[in-house]
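Colleague: I should like to learn how to read the fold of a model step by step. Could we begin with its elements and then turn to the sheet?

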Amino acid sequence: MINRKATAVWKGTGKEGTGTVSTQSTVLENTQYSFNTRFAEGKGTNPEELIAAAHASCFAMKLSFELNAAGFTADELDATATVTLDPAKGQVTKSAIELKAKVPSVSADQFAQIADKAKKECPISQLLNAEITLNAELVSE
């Protein structure tokens, strides 16, 4: 088993308070987050942005493994995940992945099947209880 951890510290009320988030790797160290960074525009991060980063990076890595297993190596996988929070429901409802991929010698059909498998089997996809969409584009040099 592999365990990773992050710590969040919050002070004050939900709307006026502020928090910091730190990761085990220290890539994030006392990084600020607040009501404004989550529900408006402010300097700092927010949980949905962190989920989007996790989903995009997890999917890209999983796709790379799946491509390798099928005999292909990507020159580049450029994945962007957009996580949607419905404030009225208080839940994440969707993660939409946009992908531009440069993969020599793979057919469009092969690529679509491999990308769909990676979308379904990526550990973060499996963790999310939300709609997950993928718009994958195979681009040439």
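**Reading the fold**

Modeller: The protein chain contains 4 helices and 6 strands. This is a predicted model. From the N terminus on, the order of elements is β-β-β-α-α-β-β-α-α-β.

Colleague: Which strand order does the open sheet of 3 strands have?

Modeller: In general, strands of a sheet pair through backbone hydrogen bonds, in either a parallel or an antiparallel manner. Here the open sheet has the order β4-β5-β6, and its pairing is mixed. Its edge strands are β4 (76-86) and β6 (131-138), each of which pairs on one side only. From one strand to the next, the twist averages 15 degrees.

Colleague: How many bridges join β4 to β5?

Modeller: Strands β4 and β5 (residues 91-102) run antiparallel and are joined by 11 bridges. As one instance, V83 has S95 in β5 as its bridge partner.

Colleague: Which strands does helix α2 touch?

Modeller: Helix α2 (residues 47-69) packs on the sheet and touches β4, β5 and β6; its direction makes about 145 degrees with that of β4. Helix α3 (residues 108-121) lies across β5 and β6 and runs at about 150 degrees to β6.

Colleague: What do the values for the chain as a whole add?

Modeller: The C-alpha trace spans about 55 × 30 × 30 Å along its principal axes. Of the 141 residues, 29% are buried. Among contacts between residues at least 6 apart in sequence, 50% join residues at least 24 apart. The accessible surface comes to about 9100 Å², with 51% belonging to carbon and sulfur atoms.

Technical notes. Residues are numbered from 1 along each chain as its sequence is written. This is a predicted model: local features need pLDDT of at least 70, side-chain atom pairs count only at pLDDT 80 or more; totals for chains, interfaces and linings use all residues. Side-chain values use heavy atoms; hydrogens and water are left out. Helices (H or I, at least four residues) and strands (E, at least two) are DSSP runs, numbered from the N terminus. Buried means under 20% relative accessible area, exposed over 50%, partly exposed in between (1.4 Å probe, protein chains only). Contact means heavy atoms within 4.5 Å. Accessible areas come from the Shrake-Rupley method with a 1.4 Å probe; for residues, only the protein chains shown count as cover. Two strands pair if DSSP finds at least two bridges between them. Axes are lines fitted to C-alpha atoms, for helices over the stretch in contact, and angles run from 0 to 180 degrees between N-to-C directions.
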